[in-house]
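Visitor: Please take one helix of this chain and its surroundings and examine them closely. I would then like to see how that part relates to the packing elsewhere in the fold.

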Amino acid sequence: MAGPAHSCRPWNRQRGGIFFRLLFLLFFLFFLFVLYIVRHPLLRLAGGFWVVDDAPVASDAIVILGDDNYYGDRAARAAELFKAGWAPRIIASGRYLRPYASIAELEEHDLVDHGVPASAIVRLAHRAANTREEALVISQFIASRGWKRILLVTSNYHTRRSLYICERTFPPGTALRVVPARDSEYDPDIWWRTRKGVKIFAHEFVGMFVALWEMRHTDVQTSDSPSIYRTPSAVAGLYHEGALAVYR
């Protein structure tokens with residue numbers, strides 16, 4: 001009599017295993033369905049993660065990171081900040097394309113086209129091959145001039161990685177704010193709809209991991225506290241002409 005009862009146990013265990021597998025499959029399919037429904041909000045969230053947008057404040061210089069896009073969107077944004085009176089000068093940073101020509105020159109041309117006087121543009125040509133090397137060049141340059149309040153302008157998708165690198169590279173105590181420039185090739189809300197947008201997103205994803213690895217032992221040296229901008233030395237050279245704050 002005991003034999004048949006024992007022979008049923010493996011079958012019961014098998015039925016239980018099949019039930020739990022089926023239950024897991026149903027939950028997994030439901031998860032995929034929900035993921036599909038909310039895919040666009042999630043993709044927008046992922047696209048917007050790369051964008052840092054600090055409010056501009058009175059600074060010593062506006063810095064444009066090199067490799068602006070075809071339409072010169074970074075230069076256009078920097079020109080807007082300059083004409084709004086946030087800083088008395090713009091540093092046009094860019095790598096050499098030839099021994100006799102650099103991206104910095106193209107940025108200077110774009111700035112002049114947007115109404116920035118040539119006397120307010122500081123051309124900074126270099127041979128940096130990536131954002132980290134460029135940040136080192138800029139760091140040495142602003143340290144030599146004693147500029148401590150910097151507005152950094154770069155493409156919207158490039159702001160988070162640039163902030164991470166520059167806040168660990170610029171001279172200690174530098175007050176750093178990052179202002180994004182809209183980019184004609186990357187819209188955080190619909191980046192997945194274009195091949196270029198996907199490439200940019202993937203490039204930033206990989207680039208951020210590289211930056212995290214390379215600078216894993218480097219501490220933040222800059223400050224984003226607005227208090228440094230309120231010191232008398234920061235505003236002593238400012239006066240107002242109409243609604244525009246400019247330096248003496």
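Guide: Ala104 serves as the starting point: this residue counts as buried because its relative accessible area is 0%, and the cut-off for burial is under 20%. The model under discussion is a predicted one. Ala104 belongs to helix α4, which covers residues 103-113. Setting aside residues up to four places away in sequence, Ala104 touches Ala92, Ser93, Gly94, Arg123, Leu124 and Ala125. The latter three of these contacts, Arg123, Leu124 and Ala125, fall within strand β4, residues 121-126. Ala104 also has a C-alpha distance of 9.2 Å to Leu65, although 39 residues separate the two along the chain.

The helix that holds Ala104 also packs against another helix. A pair of packed helices is described by the angle between the axes and by the distance between them. For α3 and α4, the angle is about 50° and the axes lie 9 Å apart. The two helices are therefore oblique to each other, and their crossing is right-handed. On the α3 side the contact is made by Ala75, Ala78 and Ala79, which meet Glu107, Asp110 and Leu111 of α4. By class, this contact holds four nonpolar residues, two charged residues and no polar ones. An α-helix has 3.6 residues a turn, so residues three or four places apart point the same way. That spacing can be recognised in the contact set, which includes Ala75, Ala78 and Ala79 on one helix and Glu107, Asp110 and Leu111 on the other.

The loop that leads into α3 deserves a remark. Asp67 sits in this loop, between β1 and α3 (73-83). Most residues other than glycine have a negative phi. Asp67, however, has a positive phi, near 65°. With a relative accessible area of 37%, Asp67 is classed as partly exposed.

From α4 one may pass to the cores. Leu124, a contact of Ala104, is also in contact with Ile91. Beyond its neighbours within four places in sequence, Ile91 is in contact with Ala61, Ile62, Val63, Ile64, Val122, Leu124, Phe141, Ile142 and Trp147. Ile91 belongs to the largest nonpolar core, which has 31 residues; Ile91, Ile142, Trp147, Ile150, Leu152 and Phe170 are the members that touch the most others. Two or more residues are given to this core by each of β1 (61-64), β4 (121-126), α5 (131-145), β5 (149-155), α6 (159-166), β6 (175-181) and α7 (195-214). Another core lies apart from it and has 18 residues, among them Ile64, Ala92, Val116 and Leu151. Two of these names have already appeared: Ala92 as a contact of Ala104, and Ile64 as a contact of Ile91.

A further helix pair is found among the elements of the largest core. The axes of α5 and α6 come within 10 Å and cross at roughly 50°. That angle makes α5 oblique to α6, and the crossing is right-handed. Thr131, Arg132 and Ala135 of α5 meet Arg161, Ser162, Ile165 and Cys166 of α6. Sorted by class, this contact consists of three nonpolar, two polar and two charged residues.

What covers α6? Seven of its eight residues are buried, and these buried residues pack against α5, β5, β6 and α7. They are Thr159, Arg161, Ser162, Leu163, Tyr164, Ile165 and Cys166. Leu163 counts as buried at 19% relative accessibility, since the limit is under 20%. Apart from residues up to four places away in sequence, Leu163 touches Val52, Leu176 and Val178. The C-alpha atoms of Leu163 and Val178 are 6.8 Å apart, with the two positions 15 residues apart along the chain.

One more loop residue links remote parts of the sequence. Trp192 lies between β6 and α7. Its contacts, leaving aside neighbours within four places, are His40, Leu43, Arg44 and Val198. Trp192 and Arg44 are 148 residues apart in sequence, yet 8.9 Å apart from C-alpha to C-alpha.

These details belong to a chain of eight helices and eight strands. Of its 248 residues, 41% count as buried. Among contacts between residues at least 6 apart in sequence, 77% join residues at least 24 apart.

Conventions:
Residues are numbered from 1 along each chain as its sequence is written. This is a predicted model: local features need pLDDT of at least 70, side-chain atom pairs count only at pLDDT 80 or more; totals for chains, interfaces and linings use all residues. Side-chain values use heavy atoms; hydrogens and water are left out. A nonpolar core is a set of buried Ala, Val, Leu, Ile, Met, Phe, Trp, Tyr and Cys residues joined through side-chain atoms within 4.5 Å. Buried means under 20% relative accessible area, exposed over 50%, partly exposed in between (1.4 Å probe, protein chains only). Helices (H or I, at least four residues) and strands (E, at least two) are DSSP runs, numbered from the N terminus. Contact means heavy atoms within 4.5 Å. Axes are lines fitted to C-alpha atoms, for helices over the stretch in contact, and angles run from 0 to 180 degrees between N-to-C directions. Angles under 35 degrees count as roughly parallel, over 145 as roughly antiparallel, 65 to 115 as roughly perpendicular and the rest as oblique. A crossing is left-handed if the near helix is turned anticlockwise from the far one by less than a right angle, and right-handed if clockwise. Ala, Val, Leu, Ile, Met, Phe, Trp, Tyr, Cys and Pro count as nonpolar, Asp, Glu, Lys and Arg as charged, and the others, Gly among them, as polar.
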